[in-house]
Amino acid sequence: MHTTVGIIGAGPAGLLLARLLHQAGVDSVVLEARDREYVEQRQRAGILEQVTVDALRAAGAGERMDREGIVHHGIELRFAGRSQRIDFAVLAGGRGVMVYAQTEMVKDLIALHLAHGGPLLFEAGVSSVGAVGAVGTADDDRIAVRYRRDGREQTLTCDWAVGCDGFHGVTKDAVPADLRHTYERTYPYSWLGILADAPPVYDELIYAHSDRGFALASMRSDTVSRLYLQVPNGTDPAAWSDDRIWDELDRRFATRADPGWKLTRGPITAKSVLPMRSHVTEPMRHGRVLLAGDTAHIVPPTGAKGLNLATGDVIILARALAHWKETGSAELLDAYSDTCLERVWRAEHFSYFMTTTLHVDPDQSAFDTRLQLSQLARIAASPHAAAELAQNYVGIPIAGER
Ligand code: FAD
Ligand code: DHB
């Protein structure tokens with residue numbers, strides 16, 4: 001089988017890329033290792049930036065999101081027993097974010113692409129991505145993507161291969177080790193995340209710094225809450241009973257004005273522990289192999305950048321591939337890695353900043369805590385400091401997008 005663009009992985013990056021290319025008249029094949037149900041149920045991010053929202057609408061996948069998603073124009077910070085709202089409408093030029101789960105976005109994109117798009121093959125695990133080699137002539141610069149499906153080894157040849165196969169995928173290996181640079185940081189804490197059939201207590205997200213550790217109150221709908229607690233690395237979710245989780249959340253969100261503040265409780269339907277890491281692989285292109293999304297970069301989740309960075313990459317990439325198809329010029333593809341990396345490092349810094357400002361490092365001194373609280377107080381007091389947070393939170397626009 002041959003196609004113009006071989007896409008490895010049907011997460012948000014691979015699926016949105018396939019849709020945008022389809023609309024631009026560029027054919028593609030998507031190969032996904034897992035089955036459809038697994039991909040659709042994988043519980044992850046929940047906040048879409050304006051750029052992602054606009055791209056989903058442009059891709060024709062915005063209808064349910066616009067019906068069921070919840071637009072937010074601010075967040076609340078809690079620290080030192082006080083609370084402070086960060087007003088995006090005022091501080092970020094009217095931009096906002098949309099609460100719409102990654103699971104739902106993925107379901108919408110899959111349904112659309114299966115109905116009106118190129119092949120999207122599930123249970124097609126890719127083992128390697130590399131030069132066509134023996135199949136082509138000496139100057140054949142096509143790429144061979146080798147995968148296993150229906151118990152058989154198969155090969156997809158393509159003009160361009162795009163690795164959207166996440167952090168543990170295989171496409172990264174197509175960039176020779178001596179040309180690949182990785183930058184990484186791990187954090188000495190994790191998140192315990194729960195989904196609960198309980199209405200959110202507040203109509204915006206709450207990010208809380210407390211001497212007991214970080215906590216985040218998010219939501220999936222008017223009836224489903226998504227909540228996170230900082231826990232030590234290596235925590236077994238089974239060690240946290242439902243009552244212990246609710247009690248701890250209540251303590252971390254309590255304010256001086258409302259020391260008895262309580263979340264509305266309900267049945268916990270999912271419980272998992274997420275480790276936290278920052279990682280960037282450079283460059284994001286080697287010859288005809290391009291990397292996008294988590295394949296090339298990971299952020300710690302504080303600030304909800306991971307999914308949005310992945311969609312940003314493929315918006316830039318779809319435009320570059322469409323330009324190449326239309327004009328034969330690889331100029332935008334040549335710029336792809338640098339264009340993305342500029343946005344990636346901005347989001348890396350923001351995610352690192354949010355993480356290290358709001359969490360308690362187990363080795364943290366009283367001095368470090370004072371610095372965190374001073375920074376949070378500055379954000380509360382200064383519209384300039386708050387605007388910096390707000391603008392990064394709603395997302396830095398891509399050149400040429402609104
Ligand atoms: P992925 O979603 O990882 O998709 C990669 C796809 O490639 C997968 O479907 C995988 O099955 C497939 N694949 C892998 N290897 C192969 C192969 N060899 N062959 C074929 N297919 C392959 N971000 C936030 O902003 N907020 C959050 O709360 C949040 N929570 C998260 C929780 C977890 C547990 C994780 C892992 C991530 C979380 N993230 C969160 C990050 C966000 O979900 C990711 O940034 C986003 O999924 C990136 O999309 P992607 O398409 O690049 O990669
Ligand atoms: C969610 C996750 C985040 O990392 C975040 O900063 C905000 C919300 C969420 O899953 O809803």
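**Helix 1, its neighbours and the ligand shells**

Immediately after helix 1, G25 adopts a positive phi of about 75 degrees. Helices (H or I, at least four residues) and strands (E, at least two) are DSSP runs, numbered from the N terminus. The structure is a predicted model, in which local features need pLDDT of at least 70 and side-chain atom pairs count only at pLDDT 80 or more, whereas totals for chains, interfaces and linings use all residues. Residues are numbered from 1 along each chain as its sequence is written, and chains are lettered from A and ligands numbered from 1 in the order in which they are written.

Helix 1 comprises 12 residues and spans 17 Å between its first and last C-alpha atoms, close to the 16 Å expected at 1.5 Å a residue; the expected span is 1.5 Å times one less than the number of residues. Burial is assessed from C-beta atoms placed from the backbone: a residue is buried if 20 or more others lie within 10 Å of its own, exposed if 12 or fewer, and partly exposed in between. By this criterion helix 1 is mostly covered, with 10 of its 12 residues buried. The buried residues of helix 1 include P12, G14, L17 and R19.

Helix 1 also packs against helix 8. Their axes come within 9 Å and cross at roughly 30 degrees, where axes are lines fitted to C-alpha atoms, for helices over the stretch in contact, and angles run from 0 to 180 degrees between N-to-C directions. Helix 1 and helix 8 are therefore roughly parallel; angles under 35 degrees count as roughly parallel, over 145 as roughly antiparallel, 65 to 115 as roughly perpendicular and the rest as oblique. The crossing of helix 1 and helix 8 is right-handed, a crossing being right-handed if the near helix is turned clockwise from the far one by less than a right angle, and left-handed if anticlockwise. Helix 8 is further paired with helix 9 (residues 331-358), the two axes coming within 10 Å and crossing at roughly 165 degrees. Helix 8 and helix 9 are therefore roughly antiparallel, and their crossing is right-handed.

Helix 1 (12-23) and helix 8 (306-327), together with strand 9 (125-131), each contribute at least two residues to the shell around ligand 1. A residue is assigned to a shell if its C-beta atom, placed from the backbone, lies within 6 Å of the molecule. The shell of ligand 1 holds 31 residues, of which G9, G11, G166, G293 and G306 come nearest. This shell has 16 nonpolar, nine polar and six charged residues, with Ala, Val, Leu, Ile, Met, Phe, Trp, Tyr, Cys and Pro taken as nonpolar, Asp, Glu, Lys and Arg as charged, and the others, Gly among them, as polar. The residues around ligand 2 include A45, G46, I47, R226 and P301, and this shell divides into six nonpolar, four polar and one charged.

Several loops show distinctive backbone geometry. E123, in the loop between strand 8 (120-121) and strand 9, has a positive phi of about 50 degrees although it is not a glycine. E123 counts as partly exposed because it has 15 C-beta neighbours inside 10 Å. D150 lies between strand 10 (143-149) and strand 11 and likewise has a positive phi, near 50 degrees. With 8 C-beta neighbours inside 10 Å, D150 counts as exposed. P283, in the loop between strand 16 (268-282) and strand 17 (285-286), follows a cis peptide bond from E282, with omega near -5 degrees. The C-alpha atoms of P283 and R180 are 6.6 Å apart, although 103 residues separate them in sequence. R180 occupies the loop between strand 11 (152-163) and strand 12 (181-196) and counts as partly exposed, with 15 C-beta neighbours inside 10 Å.
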